[in-house]
Amino acid sequence: MKKEQVVHCQFSVWYPIFKKHTIKSLILPLPQNVIDYLLDDGTLVVSGSDHNSQPIQTNNSESDAEEDIQWSDDETTAIATAPEFPEFTSTVLEAINALGGCVFPKLNWSAPRDANWIALNSSLECRSLSDVFLLFKSSDFITHDLTQPFLHCSDQDSPDPVISYELVLRKWAELIPGGEFRCFVKENKLIAVSQRDYTQYYQHILKQEQHISQAIQDFFSQHVQYRFLDEDFVFDVYRDSQGRVWLIDLNPFGEVTDSLLFSWDELMSGEVVDHQQQDGPAFRYTTSEVTVQPSPCLSYRIPRDFVDLSAGEDAYKLIDFLKLVGDGVCTLENTTEI
């Protein structure tokens with residue numbers, strides 16, 4: 001994999017070529033001060049908030065009194081504040097509205113798929129710049145794009161190309177994971193297709209294997225083959241309920257891209273063996289519930305206790321317990337029975 005191949009897989013490079021066959025998107029230049037903010041290692045303080053939101057007013061005098069309490073006795077304690085980017089915020093909100101009010105964000109190459117756990121709805125759906133920043137600042141994938149995009153390239157002795165970073169906003173669409181597939185192309189030949197969400201078993205893939213494989217091959221030959229800038233690359237597609245295939249993303253043909261149900265050794269050799277597939281590319285998918293695996297993105301999450309407390313049964317148990325304490329039904333000294 002060469003650095004030039006990585007450059008060619010930037011969204012702003014391939015999107016104009018395949019615009020008719022993918023999801024509507026807008027590309028915004030990413031200012032340097034925003035990049036600096038995303039790379040800041042300090043406390044996660046989210047910027048880009050919606051200025052139209054109003055503070056909640058209360059007439060409870062006890063609440064007002066509580067707000068006046070100084071909980072820290074350290075006079076030097078600094079209050080973390082998020083930097084503001086008014087012009088960029090306005091541009092992003094305008095773009096989000098133009099795309100229907102909900103978007104899927106990414107940078108030149110990667111989306112923050114490893115950070116969906118931090119969102120309140122565990123989704124990559126964003127409605128404001130603060131939603132985007134929360135995902136980006138929590139994502140190792142985004143950090144990799146900003147700091148080491150050419151890490152796995154074979155031509156490390158050559159100078160790194162100059163990258164103009166961009167925020168990509170894609171119109172939000174509810175994609176069923178079982179309809180996503182990753183396709184591997186070597187020397188402009190489609191050699192392999194893998195189920196994208198290989199950790200789960202989808203019965204319809206087993207039943208429609210031939211139809212799915214043929215639909216992807218037709219899409220490749222009619223709309224993708226010989227049209228991309230490289231002859232070796234990886235592309236992701238989505239097959240909807242009507243059988244239509246959509247282009248979702250393009251990636252470099254190399255180890256920086258997840259090979260899913262294949263190995264890079266067999267992909268690099270170009271000799272992918274699939275005994276069930278007589279003609280066309282090798283097609284692999286999870287064949288039964290027995291082979292279901294944990295999601296590879298789980299390793300990026302915070303400890304399970306925090307996840308349970310942020311959204312789940314434990315949070316309600318905690319609320320109920322605090323109510324009992326407040327009502328004098330039980331005391332903090334007798335918590336082991338709860």
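The following exchange explains how several descriptions of this predicted model are reached.

User: What makes the values here usable for a predicted model?
Analyst: Local features need pLDDT of at least 70 and side-chain atom pairs count only at pLDDT 80 or more, while totals for chains, interfaces and linings use all residues. Residues are numbered from 1 along each chain as its sequence is written, and side-chain values use heavy atoms, with hydrogens and water left out.

User: How do you know that E2 and E3 pair?
Analyst: Two strands pair if DSSP finds at least two bridges between them, a strand being a DSSP run (E, at least two residues) numbered from the N terminus. Four bridges join E2 to strand E3, residues 166-171, and the two run antiparallel; in E3, Lys171 is the bridge partner of Val103. The definition is therefore met.

User: Why are E1 and E2 called edge strands?
Analyst: The open sheet has three strands in the order E1-E3-E2, with antiparallel pairing. Strand E1 (25-29) and strand E2 (103-106) each pair on one side only.

User: What makes H5 a helix that packs on this sheet?
Analyst: Helices are DSSP runs of H or I with at least four residues, and contact means heavy atoms within 4.5 Å. Helix H5 comprises residues 86-98 and touches E1, E2 and E3. Its direction makes about 175° with that of E1, where axes are lines fitted to C-alpha atoms, for helices over the stretch in contact, and angles run from 0 to 180 degrees between N-to-C directions.

User: How do you know that the span of H5 agrees with its 13 residues?
Analyst: The expected span is 1.5 Å times one less than the number of residues. For H5 this should be 18 Å, and its end C-alpha atoms are 18 Å apart, so the two agree.

User: Which residues of H5 are called buried, and why are they placed on the same side?
Analyst: Buried means under 20% relative accessible area, exposed over 50% and partly exposed in between (1.4 Å probe, protein chains only). Phe88, Thr89, Val92, Ala95 and Ile96 of H5 are buried. They cover an arc of only 130° around the axis, which puts them on the same side of H5; the arc is that of the directions from the helix axis to the C-beta atoms. The face turned away carries the exposed residues Pro86, Glu87, Glu94 and Asn97.

User: Why is strand E6 called mostly covered?
Analyst: Seven of the seven residues of E6 (233-239) are buried. On one side these are Phe233, Phe235, Val237 and Arg239, and on the other Val234, Asp236 and Tyr238.
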